[in-house]
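This report walks through the backbone, the packing, the charged pairs and the open space of one protein model. Have the sequence and the 3D view at hand.

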Amino acid sequence: MKKGKFIVVMLCFLCLACGKKEEEDSIKFKEEYEKYNDQYIELEISDVNLIQYSNLEEINKIIKDGTGVIYIGSPTDDVSRRAVDVLLGVTHNTDLEKIYYISSMDGIQGIDSIEEKKIPLVLFVLDGEIVSYHIGTIEDKTDLSDDELVQLYNIYSEGVHKVLQDACDERC
């Protein structure tokens, strides 16, 4: 009986620890991007977002045989800032659990399967296959019209729903 209680307590602890890291990553990402609001496009990022900091080993493993949405960008690049703002808006109303994040060109250089090494880059990976990707925004613009924002939103939404293997419904 004691062994069963111990296992339950340990499982609860692990669940809390995992949730704590996700919460810390969300806040870290918010702070990392918002601290440049006075120099670049102003962003307001929620404390509760899907960003999870990653590394090259994890990213390459996802691309090889995993599933997920990967965002590679920079807080000091206006095109990245515009792109992540739209991406976070898309994923807010989905069942996606996380967006794997790696910062800047340092990250992209270590990914073998990517030919065009530009940021921002969003990869949509399903079972080790890149089912969709998008580089930049629309023509790498930062000042997007309403139509261009909708176009970028739809590109990201389509990719997310390919990863989730669900049909795009009224939440899209």
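**Backbone exceptions**

E139 sits in the loop between strand 5 and helix 5. The model is a predicted one. E139 is not a glycine, yet its phi is positive, at about 55°. Most residues other than glycine have a negative phi, and most peptide bonds are trans. The side of accessibility is clear: E139 is exposed, with a relative accessible area of 69%.

Q165 is another such case. Its phi is near 55°, a positive value in a residue other than glycine. Q165 lies in the segment after helix 5. With a relative accessible area of 60%, Q165 is exposed, because exposed means over 50%.

The peptide bond between I119 and P120 is cis, with omega at about -5°. P120 belongs to the loop between helix 4 (104-109) and strand 4.

**The hairpin**

How do strand 4 and strand 5 pair? Strand 4 (residues 121-126) and strand 5 (residues 129-135) run antiparallel and pair over six bridges. Two residues lie between the strands, and the whole forms a hairpin. D127, in the turn, has a positive phi of about 50°.

Two positions help to read the pairing. V125 stands opposite I130 of strand 5. V122 and Y133 are eleven residues apart along the chain, and their C-alpha atoms are separated by 5.5 Å. V122 lies in strand 4. V122 is also buried, with a relative accessible area of 0%.

**The nonpolar core**

The largest nonpolar core holds 25 residues. Those that touch the most other members are F29, Y33, V69, Y71, I99 and Y156. Several elements each supply at least two residues of this core: helix 1, strand 1, strand 2 (68-73), helix 3, strand 3 (99-103), strand 4 and helix 5. Helix 3 gives the most, with six residues.

**Salt bridges**

How many salt bridges does the count come to? The count is seven. The table lists three of them, each with its closest N to O distance.

| Pair | N to O distance | Place |
|---|---|---|
| K61 and D65 | 3.9 Å | helix 2 (residues 56-65) |
| D85 and R82 | 3.8 Å | helix 3 |
| E158 and K162 | 3.7 Å | helix 5 (residues 146-164) |

Take E158 and K162. They are four residues apart in helix 5, so about one helical turn separates them. K162 is partly exposed, at 36% relative accessibility. Elsewhere, salt bridges that share partners join K30, E34 and D47 into one network.

K61 and D65 are also four residues apart, about one turn of helix 2. K61 is exposed, with a relative accessible area of 53%. D65 has 48% relative accessibility and counts as partly exposed.

D85 and R82 are three residues apart in helix 3, so they too are separated by about one helical turn. Is R82 buried or exposed? R82 counts as buried, because its relative accessibility is 18% and the cut-off for buried is under 20%. Its partner D85 counts as partly exposed, at 33%.

**The largest pocket**

Rolling a probe the size of a water molecule over the atoms shows where empty space is left. In this model, the largest pocket has about 390 Å³ of space. It is lined by 20 residues, and the closest to its centre are S26, S46, V48, N49 and L50.

Which elements each supply at least two residues of the lining? They are helix 1 (2-34), strand 1 (51-53) and helix 3 (78-91). Helix 1, strand 1 and helix 3 are also among the elements that each supply at least two residues of the largest nonpolar core.

The lining is mixed in class. Six of its residues are nonpolar, seven are polar and seven are charged.

**Where to look**

To follow the report in the 3D view, begin at the cis bond between I119 and P120. Go on to the hairpin of strand 4 and strand 5. Then turn to helix 3, which gives six residues to the largest nonpolar core and holds the pair D85 and R82. End at the largest pocket, where S26, S46, V48, N49 and L50 are the closest residues to the centre.

Terms used
Residues numbered from 1 in each chain as written. Predicted model: local features only at pLDDT ≥ 70, side-chain atom pairs only at ≥ 80, totals over all residues. Heavy atoms only, no water. 1 Å grid on protein atoms, 1.4 Å probe; cavity = no way out; pocket = protein on both sides within 12 Å on 5 of 7 lines; lining within 4 Å. Points joined across faces, edges and corners; volume = space filled by probe spheres on them. Nonpolar A, V, L, I, M, F, W, Y, C, P; charged D, E, K, R; others polar. Salt bridge = Lys/Arg side-chain N within 4 Å of Asp/Glu carboxyl O. Buried < 20%, exposed > 50% of the residue type's maximum accessible area, 1.4 Å probe, protein only. Pairing = 2+ DSSP bridges. Core = buried A, V, L, I, M, F, W, Y, C linked by side-chain atoms within 4.5 Å.
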